[in-house]
Structure formats: C-alpha cells, structure tokens
Amino acid sequence: MPAAAPPSAPARHARQARAAVAVLFLTNGAVFFNVVPRYPQIKAELGVSNAVFGGAVAGYSIGALLAGLLAGVFVRRFGSARVAAFGIVITTLATLAIPFAPNWIAFGAALFVVGALDAVVDVAQNAHGLRVQRLYQRSILNSLHGVWSIGAVLGGLMGAAAAGLRLPLALHLGISAALFSVVAVVAYRFLLPGPEDAERTAPATAAAHPATAGGDPVAPAGRRSFARPAVWMLAALGLLAACGALVEDAGASWGALYLTGLHADAATAGLAVVAFQTAMTIGRLSGDRVVDRFGQRTVTRVGGLLAAAGMGAALAVPSVPSALAGFVLAGLGTATLVPAAMHSADELPGLPSGTGLTVVSWLLRGGFLLSPLLVGFVADLVSLRAGLLSVVLAGLLTFVLARVLVNDPGR
C-alpha cells in the first residue's frame, strides 16, 4: 500500500485562525492568574481564617463543575468562536466584582461566576482549536495548551507586579479586563466561520474509533445517534483526563510540601511546582511533532510509564534531587495527555457535536476538585509519600487506557 502523501501547507486563513485561537488560549490563562497573586491581600482585607478563605476559593471549582456541562449547548447554539472570544470578555468583567466583595460569601460568589464562565470558555476554545487542527491535518492542540501555560505565567507575573507596586486591586483588574477584552475581540475577527462540523469528514471520524465502528451504527458527521459504545469510550476518556488532573494537582498542590518534608528550605521546596510546570510546558510546546510522528496512543502510553517510573523512583529513594527529577518526568510524561483525551472525545461518533469534549472537560475539572481531597486523605492516614503514590497509579492507568485514543491527530 503506497504511503500517504504529507499534508499540504495550511492556507492563510488556517494560519490566521491558529494564531487567533492561540491568542485566546494565552488570554484565558492570563485572566484568572492575574487574580491569584492578590489572594494574600484579599484574605487580609476580608479578615477570614485559612479555612474560610479556602471555602470561598472553592467557589471557583464548584462554579466550573456546575456550568461545565452546559458548554456544549452554548457552543452548538452560538458557535465556538463567539463563545470563546466573547466569553473571555464576560469573564474579565466578572473579575471586576472581586475587589468590591464585602465579605467572603460575596467573594466566593464572584469566583463561582468566574469559574462557571471559565469552564464554558475552556470547552469553546478547545473546540475551535480542534477545528483548526482538522484544517492542518496534524496535531496543534498540544502547543495551544502550552500557550495557555505561558498565559498563566504571564498573568501571574502581572498580578505579582501589581501586588509589588501596591496597585489598587480594582485598578489592576480593570487594566487586565480592558487589555484582554480588546485582545479577545481582535482575535475573534480571524477565527473560523461556519458550523462546528465544517472541517470534519465522516469517514475519518468513523475510522478513528474502531471500537465504536464495530458496534452500533455510526451516524454521519452532522448528525449523530447516541451509540452505546461511545458512552463507554467517553467514560474511559474522562478517566484518562482525570488521571492527568491528578498528576497536575500533585505537582501544584503537594510538590512544595513533599520537598519540605525532605528538609528542603522554602526556596528549594518552591522549585517543585516550577520544575513540574516547566517540564509540562516544554512537553506541550514540543508535543505536536512527537505526536505526529509516533501517534497519540504511543506517546500517551510511553508518557504514562515515564510519569509512573519517575515518581515511583523518587518515592522509593526519597531525596530532594530525586523528588525534583520525579516531578520533571511526571510533567513531561503527562504533557500531551489532556489534549489527547479532548481530541479523541471530540471525534467520538454517536454523540452530538461538542458533547464529548464537554463531558471530558467536566470530568477533568472534577478530577482537579477530588484529587487534593484524595491525596490529602491518604497523607493524613499514612503519609504524603504514600499519597503521592497516586501519581504512579495514574501513570499506570494511563498506559492501560491509552488504547481508546484516536491515533491520528490530523482527523
């Protein structure tokens, strides 16, 4: 059988759409992370305990979980371009309520709204990124998630600078809202027009998931009957995304605490999350080429084993250098996991357009909510070292479940 011809160079409108959706990913990452460095000031002004402040901050995750399943409805009704771009504008406006919250309940309510909006925007921007990816006929979603990470760093630096300059919170978030709203509206002009399935091909979609093609009949692209095999595939993909959330939360929430337990000083302990996020960002920015060459299943399987082996070795031989190396390997190994699960869910036959991506994104956020509770429970019961064994288990489960992924990201 002759080798398939390499994809032709993307057209100008595809390149413009890729740049525009990348700008939306960066903006989405920057908006909320402008707020995070101001948390100490907000907590002090509210005059609440750590527990009460944590309860208020949880409003963000609760809002995201409750609104996340509605994202598909908004995308089908208004289109991913409108929802992603103008959703960012509305999100920036919602952050403006934070400086005026008179108590922790109002602060939690503001974060609830921001989290709900962010969940909808997240699905929409990924849906549009996948539309552009189909035009490219090769993987680009990993790099878009890498750009989101860069945006999060940018937002964090802006927030830290504003805090250092003692800029009033209302003025700081007003500048952020104005800046990123303009950026999002300008980006909207270059996004793809037309229906969400405009770039999708029905034969490719059916062939992408042989597990579903052999079961219930597959409906064409515009379409879709709710096939039972698709439900099981969606559950497996959601579990894969939750594994990615667990590993990410381990690096963000528990890395510094684990290194502190190994007698690292505060500066060194803080390197855990830096090492993890840097490795994940590098893995996402370079992951598209690797996925195009070896396929999503192979990359995800190897990455799962890399994360399990790296963290397993770090826990087996506890030391500061081994722990940092373990977090680097965990970040690198799972860098492409969430984008792969999202892409595969969006290609599932037998589901209305946007439903697969919406459900997997919702389960991903559920994983972020439940992961710290799980690790914290085991840490209190046994030790944090035992709690971080969840990263090893997540890596092994990723290796097993990777078979459900679409292997060709260009579909």
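Five salt bridges were identified in the predicted model, a salt bridge being a side-chain nitrogen of Lys or Arg within 4 Å of a carboxyl oxygen of Asp or Glu. Local features in this predicted model need pLDDT of at least 70 and side-chain atom pairs pLDDT 80 or more, whereas totals for chains, interfaces and linings use all residues. Residues are numbered from 1 along each chain as its sequence is written, and side-chain values use heavy atoms, with hydrogens and water left out.

Arg134 pairs with Asp346 at an N to O distance of 2.4 Å. This salt bridge links distant parts of the chain, with Asp346 in helix H16 (residues 337-346) and Arg134 in helix H6 (residues 104-136), 212 residues apart; helices are DSSP runs (H or I, at least four residues), numbered from the N terminus. Arg134 also forms a salt bridge with Glu347, with the closest N and O atoms 2.9 Å apart. Glu347 lies in the loop between H16 and H17 and Arg134 in helix H6, so this pair ties together parts 213 residues apart in sequence. Asp346 and Arg134 are both buried, as is Glu347, where buried denotes under 20% relative accessible area, exposed over 50% and partly exposed in between (1.4 Å probe, protein chains only).

A further salt bridge joins Arg284 and Glu248, with the closest N and O atoms 3.3 Å apart. Arg284 belongs to helix H13 and Glu248 to helix H11 (residues 228-261), 36 residues apart, and both residues are buried. In addition, Asp118, Asp122 and Arg365 are linked in a salt-bridge network.

Definitions and conventions:
Helices (H or I, at least four residues) and strands (E, at least two) are DSSP runs, numbered from the N terminus.
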